[in-house]
Amino acid sequence: MQTACQAVQHQKGRRQYNKLRNLLKDPRHDCTVFANEFHQHCYLPREKGESMEKWQTRNIYNAAAWYHNHCLGQMPVVMVTEDEDAIRQYGNETEGVFVISFKNYLDNFWPDLKAAHELFDSIVQARRERESESQENHGKEYPEHLPVEILEAGIKSGRYLQGTLNVNKHRAQLEAFVRLQGVGSKDTELQSDILIYGSKARNRAIHGDVVVVELLPVHEWKGRTVALCENETEDKAPADTTGDPMPTGKVVGIMQKNWRDYVVTFPSKEESQSQGRNAQKVLVTPWDYRIPKIRISTQQAEALQEFRVVVRIDSWESTSLYPNGHFVRVLGRIGDLEGEIAAILVENSICAAPFSEIQMREMPVSSPKNPWKVSPEEAKKRLDLRDTHLIFSIDPKGCEDVDDALSVRTLPNGNLELGVHIADVTHFVAANSYTDVEARARATTYYLADRRHDMLPSVLSADLCSLLSGVDRYAVSVLWELEKESYETLRVQYTRTLIRSAYKLEYETAQALLDGDTSAVGDILELKGLDEGTRQKKLAELVWAISKLTDVARRVRAKRDRCGALELEGIEIRVQLDDKRNIHDLIPKQPLEVHETVAECMILANHWVAKRIAEDFPHQALLRQHPPPRQEFFAELRECANAKGFSIDTRSNKALAESLDRAHDPSDPIVNKLLRSMATHAMSNALYFSTGSCPEEQFHHYGLALERYTHFTSPIRRYADIVVHRLLMAATLGGARGEGKDSIISNKDLEELCRHINNRNRAAQRAQKQSTELFQCMYFRDRSAESDERCVADGVIYSIRTNGVLVFVPRYGIKGAAYMKNKEGLVISCQGAGSCQWKPGSLHRSQHQITSTTTTGDSLTLSLFDHITVRILVQTSRCHAESIKLEIISNAPHRTADAEAARESFHVVRSDLVKEVSQCAEEAQRAQERARLEVMDEECREFCQTKGPSLYQLLEEIRELALLDVTQDIRT
């Protein structure tokens with residue numbers, strides 16, 4: 001109801017009002033706003049002297065009564081309010097119109113929704129505790145935040161600065177940084193982040209909040225920590241561990257609180273006893289180090305000590321050391337694989353719910369008995385390439401969502417035609433349909449180490465929109481006519497097509513064919529069962545096509561290289577799954593030339609599509625920009641390169657690319673890989689944006705050296721590509737096909753959508769990284785670090801700190817800290833045999849090396865890019881995610897028989913790693929289930945999850961043996 005929405009704005013503020021409006025606009029919730037104040041019989045003028053609250057309540061009740069009579073009394077109308085006067089006044093006035101409190105509403109209408117009742121009780125208890133605390137505590141722990149009007153005026157005048165608070169997870173109690181979002185009318189000349197030192201200066205702001213800061217006087221500025229640290233909780237730091245002073249400030253107000261659901265752990269029995277006498281008030285520890293402890297009120301603290309739990313923050317008063325919150329639901333047992341994965345999803349606000357029934361009803365029918373077929377009417381509207389083009393895809397092993405395919409052929413005039421064919425997702429996903437709204441909310445497919453959560457239903461992502469071989473598929477194609485020798489573009493065509501892919505190749509197979517290795521033919525299923533003549537003919541056509549594509553890609557890449565395109569290194573590992581979705585292997589990224597071939601073709605398509613939609617929609621096209629990085633972020637890269645005698649020029653992307661190409665050590669190829677990795681780390685993130693909200697000179701993509709760029713080639717797994725497909729179709733086929741521009745988003749809405757997609761992309765990257773780290777820790781946690789040779793590996797030093805070094809372990813793709821000075825003040829000393837011990841002494845750090853000197857005169861010096869032997873350990877934590885810890889055991893490289901044997905051992909160990917992690921997790925889950933069934937009593941059953949639907953049916957039903965839930969899942 002319109003008046004109810006305005007009441008929220010009046011009483012709760014603009015932010016809560018906007019959240020309510022967004023929920024109401026979401027078609028998945030089937031809500032309608034009744035504009036009662038514009039209805040003759042539903043609007044009552046405000047009486048003289050009547051308060052705003054009383055007038056709004058009277059209006060809402062009047063409209064509710066009218067609607068009940070309008071429906072001829074055939075359905076009850078419920079008005080929920082916490083105003084006791086309104087309940088007494090209107091509760092019995094009209095039969096069929098219920099005016100009741102929220103508690104009565106739950107009791108009378110939803111008595112069986114146990115989780116909802118528990119959540120309500122938790123919120124009520126938290127509110128009572130907060131009110132009681134505010135009455136008891138008159139002393140303030142923090143200064144009050146300034147009013148919004150003063151903050152806005154201060155930002156405009158330049159006195160205050162606005163930005164997003166980022167807490168240092170390694171020193172969460174001490175260090176946070178504010179990255180400026182813009183400055184006021186006065187020039188601040190600030191080129192770096194602002195340091196917020198200590199919890200007092202942070203003034204109740206939480207990681208991710210948009211805050212307003214005031215700079216401190218220059219003599220109060222501090223430096224950031226340069227020492228290695230293990231998430232210190234004490235509000236102090238050694239004086240010699242900070243760098244040069246940097247702009248330092250304090251938070252004076254919060255413009256936007258970006259609070260979310262937080263995964264927490266209850267204190268153990270010992271910790272509970274030390275917290276105080278009031279057992280209902282509990283300080284829970286968030287999984288994320290950057291979030292402060294949260295005080296909640298619950299009577300289930302003892303029962304939930306071994307579980308990961310979700311809570312929400314309600315408030316943080318100036319009189320309280322900690323924020324107040326309430327219990328929401330249980331995820332699973334601490335340490336369980338499924339429970340830890342669930343924690344990662346919640347921490348990144350990722351919805352893993354199945355697609356709803358109404359969304360699935362929008363999907364076309366396709367089954368083995370009733371396979372989907374091309375519509376003859378639709379086929380007439382498309383360019384049919386099934387009999388004229390050799391089309392094939394090249395993807396990773398086991399890939400199901402094949403959203404791109406390639407073709408190349410010689411035209412009658414001797415020129416080449418290059419084709420990039422992309423699944424036509426928008427044919428099946430209409431704008432603003434239920435499926436489209438859900439895809440927009442998810443924004444991307446989330447790839448974790450051992451699973452994925454799709455953006456679109458599998459009937460599309462793995463079937464009808466997957467360009468599998470031998471089946472007819474709808475596509476959107478970009479076709480270039482290239483000059484036969486120079487490969488310069490003569491003509492480009494964008495059109496909807498009908499294709500039939502001839503081959504579904506894996507990268508390794510395509511690379512073998514490119515290298516002339518005919519033994520890979522056995523891996524091509526489409527060539528099996530053919531007679532020898534036909535097989536050789538088809539094979540020759542395929543090899544020619546791959547070779548010609550590679551030749552074109554080399555030319556295109558060379559052109560971008562001349563403009564300054566960067567070849568950066570992403571050091572990562574990935575978990576591969578077998579056909580039964582079991583973990584098969586954890587492998588490093590192995591670069592192949594065919595990777596570059598496919599990537600260049602996709603980049604070319606994205607670039608040309610970007611040029612077209614930007615030309616047709618100059619103020620509302622979705623493009624992708626990559627801003628130039630800030631020069632101070634390259635400081636560590638330049639310092640490391642200098643240690644090897646290389647000079648890195650970072651003034652432009654072209655200069656950087658040329659410098660990295662020259663920074664090659666023939667005796668140690670890992671040096672160049674690490675330098676490129678550091679360059680990647682220094683880069684700004686590429687972002688989606690609307691052309692109407694950004695100056696044209698900022699459209700440039702720094703890394704790819706292109707003036708216009710977008711994402712068009714993966715609509716199965718990226719919502720941005722779906723938007724781009726609609727823009728392209730409106731630009732190229734709107735008139736001919738009668739497709740209007742109704743689905744084109746306005747600049748304002750597109751700008752908001754881009755922010756959402758950028759945020760979801762960052763969440764997807766974090767979740768993928770965290771899940772990979774989870775598997776690494778689970779593997780090494782079960783190994784004996786002292787005796788298992790797989791816990792010892794070669795490491796390369798890539799950064800020097802005041803009390804240790806940062807090390808990269810190529811064998812496992814791990815980066816971690818290795819201390820040279822422990823908490824007792826002892827320093828590391830390596831003996832003649834290569835073993836290391838802790839002894840009294842001191843450390844001295846210079847620009848490129850660090851020296852440990854013992855009191856007995858023994859000295860050990862480690863330099864950048866030195867190879868050392870490290871032992872891989874797991875730093876366990878009850879409340880947080882486990883982490884990898886490295887221990888130096890020798891200042892010499894780790895020796896293996898020979899390089900080839902090392903590579904073979906590397907592959908075997910990775911395979912063993914993921915298999916053993918999966919087996920251990922499954923065995924632990926089965927053991928837990930057996931124990932649960934044996935010891936469960938009536939008290940425990942009270943908290944067990946039921947198999948019925950959750951409150952809003954928006955969370956995925958968790959497998960019985962994967963999680964031990966102790967409450968019913970709910971989602972709000």
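Y43 makes a good place to start, since at a relative accessible area of 35% this residue is partly exposed. Please keep in mind along the way that the model is a predicted one.

**Aromatic pairs**

Y43 has an aromatic partner, and the structure counts 14 aromatic pairs. Y43 and W55 form one that is edge-to-face, with 6.3 Å from centre to centre and 80° between the planes. Y43 belongs to the loop between α2 (14-25) and α3 (52-70), while W55 belongs to helix α3, so the pair ties together parts that are 12 residues apart in sequence. W55 has a relative accessibility of 10%, which counts as buried.

A second pair to look at is that of F102 and Y105, which is tilted: the centres are 6.0 Å apart and the planes make an angle of 40°. Both residues lie in helix α5 (residues 102-109), where a spacing of 3 residues is about one turn of the helix. F102 is partly exposed, with a relative accessible area of 32%, and Y105 is also partly exposed, at 22%.

These two rings have company. Ring pairs link F98, F102, Y105, F109 and F120 into a cluster. Among its members, F98 is found in strand β2 (residues 97-100) and is partly exposed, at 37% relative accessibility. F98 also takes part in a nonpolar surface patch of about 290 Å², which is made together with F109 and W110.

**Charges over rings**

Rings can be partners for charged side chains as well. Which ring lies under the charged end of K200? The ring is that of Y142, and the charged end sits 5.0 Å from its centre. K222 has its charged end over the ring of Y197, again 5.0 Å from the ring centre.

**Salt bridges**

The structure holds 51 salt bridges. Three of them are set out here with their N to O distances.

| Salt bridge | N to O distance |
|---|---|
| E532 and R535 | 2.8 Å |
| R554 and E593 | 2.6 Å |
| R790 and D788 | 3.3 Å |

The partners R554 and E593 join distant parts of the chain: R554 is in helix α16 and E593 is in helix α17 (residues 593-616), 39 residues apart. R554 is partly exposed at 45% relative accessibility, and E593 is partly exposed with a relative accessible area of 32%.

E532 and R535 both sit in helix α16 (residues 532-563), and because they are 3 residues apart, about one helical turn separates them. The relative accessible area is 44% for E532, which is partly exposed, and 21% for R535, which is partly exposed too.

Are the partners R790 and D788 buried or exposed? R790 counts as buried at 19% relative accessibility, and D788 is buried with a relative accessible area of 14%.

Salt bridges can also join into a network, as they do for K54, D83, D85 and R88.

**Strands, loops and backbone**

Further along the chain, strand β33 (residues 841-845) and strand β34 (residues 849-854) run antiparallel and are joined by 5 bridges. One of the residues involved is S842, whose bridge partner in β34 is T853. The hairpin that joins β33 to β34 passes through 3 residues.

Now to some loops. I648 lies in the loop between α18 (635-643) and α19 (653-662) and is buried, with a relative accessible area of 7%. From C-alpha to C-alpha, I648 and R662 are 9.0 Å apart in space, with their positions 14 residues apart in sequence.

Last come two backbone angles. Most residues other than glycine have a negative phi. L72 has a positive value instead, with phi near 60°. This residue is in the loop between α3 and β1 (77-80), and L72 counts as exposed at 68% relative accessibility. R204 likewise has a positive phi, near 75°. The place of R204 is in the loop between α8 (199-202) and β6 (210-215). Is R204 buried or exposed? With a relative accessible area of 7%, R204 is buried.

Technical notes: Residues are numbered from 1 along each chain as its sequence is written. This is a predicted model: local features need pLDDT of at least 70, side-chain atom pairs count only at pLDDT 80 or more; totals for chains, interfaces and linings use all residues. Side-chain values use heavy atoms; hydrogens and water are left out. Patches are made of residues with over 30% relative accessible area and no salt bridge: like charges are joined within 9 Å, nonpolar side chains (Val, Leu, Ile, Met, Phe, Trp, Tyr) within 5 Å. Accessible areas come from the Shrake-Rupley method with a 1.4 Å probe; for residues, only the protein chains shown count as cover. A salt bridge is a side-chain nitrogen of Lys or Arg within 4 Å of a carboxyl oxygen of Asp or Glu. Helices (H or I, at least four residues) and strands (E, at least two) are DSSP runs, numbered from the N terminus. Buried means under 20% relative accessible area, exposed over 50%, partly exposed in between (1.4 Å probe, protein chains only). Rings of Phe, Tyr and Trp (its six-membered ring) pair if their centres lie within 6.5 Å; planes under 30 degrees apart count as stacked, over 60 as edge-to-face and the rest as tilted. A charge sits over a ring if NZ of Lys or CZ of Arg is within 6 Å of the ring centre and within 35 degrees of the ring normal. Two strands pair if DSSP finds at least two bridges between them.
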